[in-house]
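Reader: I would like a close look at one part of this model. Please take the sheet and whatever packs around it.

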Amino acid sequence: MATILDGSDPHVIAVAATALRAGELVAFPTETVYGLGADALNEQAVAQVFAVKNRPFFDPLIVHVPDAATAALYAVAIPPRAAALMEHFWPGPLTVVLPKHPRIPDIVTAGLDSVALRVPSHPVALALLQAVARPIAAPSANPFGYISPTTAAHVQDLLGEAIPLIVDGGPCAVGVESTVCAFLDDDAVILRPGGVTSEAIEAVIGPVQFSASDRADLRSPGTLPRHYSPHVNLQLTALGDPLPLPLSGERVGVLLFTEQRLTQGYVEVVMLSRDGNLTEAAPRLFAALRWLDCLGLDRVLVESVPEHGLGRAIMDRLRRAAARD
Ligand code: TXA
Ligand code: MG
């Protein structure tokens, strides 16, 4: 079992920073999901992150830093549109992919010439990044392919046997991972929809592209079709369609984003919002999937949401969660 310590205690931040500098792994809160941190400049520590998560080495990690000035140390160029987003959305749930500085070891970026950089807004994450004074490579603190953790207890369940320390910062307020936006040629390309909406990004820098599954060059190595997956069979209903009824004897759960009248006959009904408020729903989404996954259900029916605003990130995670091998 990992030790869980309260990240609002400055002494805990000091202990965690010392552990990271010594090459140990520390799970810590961000506003999106909990991360599994390692000193990005320590190749052995980073290798441990891949080992503990059972993550393939071709899937690069995000490097977390306390501010944009520190981020600039690890990129060889920052195009003006990237700088504008960093200025506008940092600290916050935005990751920018930029040409990589050789200071960042290749293991962090899976050998790519680019590096993903992010300044999280969670006060505990920022305090830790300032105290450790090293860039911190941190994927979500879950085994590869499973649902990301949004509480310290989730991390304990998922990785507690494999890591020494979890810093607790309460439940994550955003609840879906950061938006990953690449600036590798003249275009801005959203590789992963996330906590900052594409509408908000376009309001700052104008039109962006979206990664397409048929363009390997525009795809994030980590965006495999099957990801964020619970074990139970998830079925996404078409937008606006009524929920299918359970077959007799079938144990069916339902995950809703709006209030629905006809929910008799289901074993469990989780309503993330009454009125489709996605800012309210997103922080509860992964915890709800975990809960529905542990009930031994035959299947879970999931209401679709419109694909704008946070709905893009939510539908992206739900489609991957529903994909079968
Ligand atoms: O909200 C978040 O981003 C969380 C918290 C902990 O910061 N982190 C997170 O990390 O979601 P992870 O490893 O689960 O997802 C990182 C994503 C993957 O899809 C990965 O392929 C992509 O970022 N990525 C990282 N470096 C990249 C690069 N150089 N080029 C393209 N994609 C990259
Ligand atoms: Mg992840």
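Author: What follows starts with the sheet, moves to two helices, and ends with the cavity. The model is predicted.

Start with the overall layout. Eleven strands make an open sheet with mixed pairing. Their order is 1-8-2-3-7-4-6-5-9-10-11. Strand 1 and strand 11 (209–210) stand at the edges. Each has a single partner strand, so one side of each is left without a neighbour in the sheet.

Now take strand 3. Five of its five residues are buried. Cover comes on both faces. Gly 35, Gly 37 and Asp 39 are buried on one side. Leu 36 and Ala 38 are buried on the other.

Strand 3 pairs with strand 2 in the antiparallel sense, over three bridges. Phe 28 has Gly 35 of strand 3 as its bridge partner. The two strands, 2 and 3, form a hairpin, with six residues between them. Strand 3 also pairs with strand 7, again antiparallel, over two bridges. There Asp 39 stands opposite Ile 136 of strand 7.

Further along the sheet is another antiparallel pair. Strand 5 (residues 94–99) and strand 6 (residues 114–118) are joined over five bridges. Thr 95 stands opposite Arg 118 in strand 6.

Next, the helices. Helix 7 (residues 152–159) is mostly covered, with six of its eight residues buried. They are Ala 152, His 154, Val 155, Gln 156, Leu 158 and Leu 159. Strand 3 is part of the cover, as are strand 1 (3–6), strand 2 (26–28) and strand 8 (165–168). Helix 2 (43–53) and helix 9 (278–293) contribute too.

Helix 6 (residues 123–132) has its own buried set: Val 124, Ala 125, Leu 126, Leu 128, Leu 129 and Val 132. These residues pack against helix 1 (10–21) and against strands 2, 4, 7 and 8. Just after helix 6, Ala 133 takes a positive phi of about 55°.

Finally, the empty space. How many cavities of 30 Å³ or more does a search of the whole structure find? The search finds one. It holds about 50 Å³ of space. The lining includes Thr 179, Ile 190, Phe 210, Arg 312 and Ala 313. By type, the lining residues divide into five nonpolar, five polar and one charged. Domain 1 (3–218) and domain 2 (234–322) both give residues to this lining, so the cavity lies between them.

Definitions and conventions:
Residues are numbered from 1 along each chain as its sequence is written. Chains are lettered from A and ligands numbered from 1 in the order in which they are written. This is a predicted model: local features need pLDDT of at least 70, side-chain atom pairs count only at pLDDT 80 or more; totals for chains, interfaces and linings use all residues. Side-chain values use heavy atoms; hydrogens and water are left out. On a 1 Å grid over the protein atoms alone, a cavity is a set of points where a 1.4 Å probe fits but cannot get out, and a pocket is an open set with protein on both sides within 12 Å along at least five of seven lines; lining residues have an atom within 4 Å of a point. Grid points are joined across faces, edges and corners, and a volume is the space filled by probe spheres set on the points. Ala, Val, Leu, Ile, Met, Phe, Trp, Tyr, Cys and Pro count as nonpolar, Asp, Glu, Lys and Arg as charged, and the others, Gly among them, as polar. Domain bounds come from an automatic or database domain assignment. Buried means under 20% relative accessible area, exposed over 50%, partly exposed in between (1.4 Å probe, protein chains only). Helices (H or I, at least four residues) and strands (E, at least two) are DSSP runs, numbered from the N terminus. Contact means heavy atoms within 4.5 Å. Two strands pair if DSSP finds at least two bridges between them.
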